[in-house]
Amino acid sequence: MQGNLLQTVNTGLGRRTSQAPERIDFSKISTAVRIPNLIEIQRESYNRFLQMDFLPEERENTGLQAVFQSVFPISDFRGTATLDFVEYQIGNWQCKCGRLEGLNYLRANCKHCGSTIKVNPLAAGETLCHKCGTFNSVRPQLCENCGEPVGLKHKHDQQECQERGMSYSVPLKVKIRLTVYDKDPETEALSIRDIKEEEVFFGEIPLMTDNGTFIINGTERVIVSQLHRSPGVFFKRGAIYIAKIIPYRGSWVEFEYDQKNLLYVRVGKRKFLASIFLRALGLWFGKEIDGKLVKSDAALEDRVKNASFADEDMLRALYVTDEIRVEDGRLMIQVPEQGPTSLVGMKVDFDIKGRGPDPIVRSGKKVTTSALEALRKANIGEVEMETSQFEGAYALSDVVNKESGEVILEANNEILPAKLQEIVEGGIDSFSVFFPERDDIGSILSQTLKKDVITKPVDALLEIYRKMRPGDPPTVQTAYKLLEAMFFDPRKFDFSRVGRLKFNIKMGKPERDRINDPLLSAKDFYEVVSYVLKMRKNPSE
Ligand SMILES: [Zn+2]
Ligand SMILES: [Zn+2]
C-alpha cells in the first residue's frame, strides 16, 4: 500500500498540478529497535578524534593524529629545512595544586607483564591489562600536597564560560622538530646542520559538553555535519558540457566547453585553455620525470626545460590516428595491428582481395569493422586509398619535404586537396593523419590547440603558475613543484577509494582497478577529457 501511495505522488512527472502533494505519515508505525543514544555516538566520535587522554605513543593513527601525520613533514622548496611532527598534547593534566603533572600519573604497570594500563582517576578498581589479560587492582596516584589525582585542568568550567561569554576549550600544543640541512653547492648532497625540537602552542581546541554541544563565546552551539560532496568524476551535458573531477582531498578540476568549441579547464578558481593543462601533464605522461628521483634541483630544472610534449603527442593521445605511406603518387593507408583506425568507413575504389575467391572489400564499398578484422587476418598491411577519401583529414605532425627541409604543412592543419597533391608530388615518404570531424572526439581539441600559443611543457607550467599565483613571479622549479604538489603528491591529493571506484565504473574499467591508488595519473586526466569530448557525439551516454 505504502509503495502505491508514493507512486501516485510521482506520476506528475515533476509537473505542477493543482492538487496539494499527498502527505504520508509514518509516525504511527511502531519501532522494533530502540533508538540508540545519539548524543553518545557524537561524544565517542569526538573522543576518538581528540584521543586526548592517551599518551602520544598510545594513540592510533586516526582523527587529529592522522591529520598531523598526513600534513607533516613540511619541507621548503629547496629541501634545506624540514618540519616534523613529533606529538601533540591537549589540555593540561595536573593535580589540583599543580605539583603532579602529566598523563603518566594516570598509568600503572601490569603486575603480570609490565605493560602500561590506564587508571581511572576517579575510582580505584580492577583494571584489565589488554596485553596479557590479567586483572590488576590499581589506584590513581594522589598528590602528597593536595591529595588529588591528575585530571584535565579547566581554566573555566562550562557554566563560567556561558556566563562570561567565553569558549569552553583547552590548549592544543604540538611538539615539532625542525631540521636544517647544509647543501653542498657542488654535489648538492645534504648534511644536517641543526636539529631543534620545541613545543608550540597551536591554538585552543573546543571540548564537547555532555550534551554533545560546544560553548563558543558563551553560546552553546551544535555542529551539524555537512554533507561532503562525494569524490569521483561527474559529467554534465547541456549548453555547456562539463567534466568535474572531485577528489576527497585536493583541488577540483573541471573541463568544459560550449558552442564556441574551445575546451577550458578550471583548476581551483582559475580558468584557462585546457590544452595548457594537458601540455603540462605531458611531463607525467610517460613518467619521464619523477621529481623525487631527480637528484638535484638543477638537474630537475634541466629535465623540465628540455621535456617536449608537442601538439602531435596530445593529438595522438586523444584522436584516432593513421599512418599514410606515399609510393609513386599513390596513398597507402596502413592497417594497424590493433586499435581503432579511420580506415573503417573509407570507400575503396577497387576490390581488396584476400586469399579466398571473394574479395574482402568490393570496389565502391566502405571498409567495415568486420572487413578490418578480415584484412588483419589476411596479413594485409596497407590499403591504397583515393585522395577523395582524405576529405577532412588533418596533419598530425609537421609534414616536411625531406630534400628541401621545407615544411609543407604544419601539424594540426587541414590537408586540403591542393596540399595533398603537393604532398604526393613533393617527395614525402609518409605522414600521419587524423579526422577531427569524423572522430568521436570532434574538432574541439584541435581548435583549442590552434588558439594555444604554448608549445612546450615548461611554458605551460609557468603559465599555470601565473594563473594560480598571480603576482608571484615563477621559476621553473616552483612552477613544476606547484603542479606536482597539487596532483601528484598523496599528501595533497587523495582521490580516495570511492572516487576511484566511480571513475572505474564510468570509464568501463574493472571496478577494483588501482582501487588503493590515491592519485590520478596524467593518462587518467586524458581519459576524462576524452570522455567529455565524446559526449557531444554520443547522445545516448
Ligand atoms: Zn597537588
Ligand atoms: Zn599485563
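1. A good place to start is helix H7 (residues 311-318), where Asp311, Met314, Leu315, Ala317 and Leu318 are buried. Buried here means that 20 or more other C-beta atoms, placed from the backbone, lie within 10 Å of the residue's own. Helices (H or I, at least four residues) and strands (E, at least two) are DSSP runs, numbered from the N terminus. Seen down the axis of H7, the buried residues fall within an arc of 160 degrees, so they line one face of the helix; the arc is taken over the directions from the helix axis to the C-beta atoms.

2. Before going on, please keep in mind that this is a predicted model, in which local features need pLDDT of at least 70 and side-chain atom pairs count only at pLDDT 80 or more, while totals for chains, interfaces and linings use all residues. Residues are numbered from 1 along each chain as its sequence is written, and chains are lettered from A and ligands numbered from 1 in the order in which they are written.

3. What covers the buried side of H7? The cover of its buried residues includes helix H5 (274-285), strand S26 (430-434), helix H10 (444-451) and helix H14 (522-534). Contact means C-beta atoms, placed from the backbone, within 7 Å.

4. S26 is worth following further. Strand S18 (residues 321-327) runs antiparallel to S26 and is joined to it by five bridges, with threonine 321 opposite phenylalanine 434. Strand S23 (residues 394-395) is also antiparallel to S26, through two bridges, and there tyrosine 394 has phenylalanine 434 as its bridge partner. Strands count as paired if DSSP finds at least two bridges between them.

5. Another sheet deserves a look: five strands form an open, antiparallel sheet in the order S13-S14-S15-S16-S17. Strands S13 (232-236) and S17 (270-273) stand at the edges with a single partner strand each, so one side of each has no neighbour in the sheet. On average, neighbouring strands of this sheet are turned by 20 degrees against each other, direction ignored. Within the sheet, four bridges join S15 (residues 253-257) to antiparallel S16 (residues 264-267), and valine 253 faces valine 267 of S16.

6. Finally, the domains. The assignment, whose bounds come from an automatic or database source, gives domain 1 (41-221), domain 2 (232-311 + 448-534) and domain 3 (320-434). The C-alpha centres of domains 1 and 2 lie 39 Å apart, and their contact takes five residues from domain 1 and seven residues from domain 2.

Conventions: Two residues are in contact if their C-beta atoms, placed from the backbone, lie within 7 Å. Axes are lines fitted to C-alpha atoms, for helices over the stretch in contact, and angles run from 0 to 180 degrees between N-to-C directions. A residue is buried if 20 or more other C-beta atoms lie within 10 Å of its own, exposed if 12 or fewer, and partly exposed in between; C-beta atoms are placed from the backbone.
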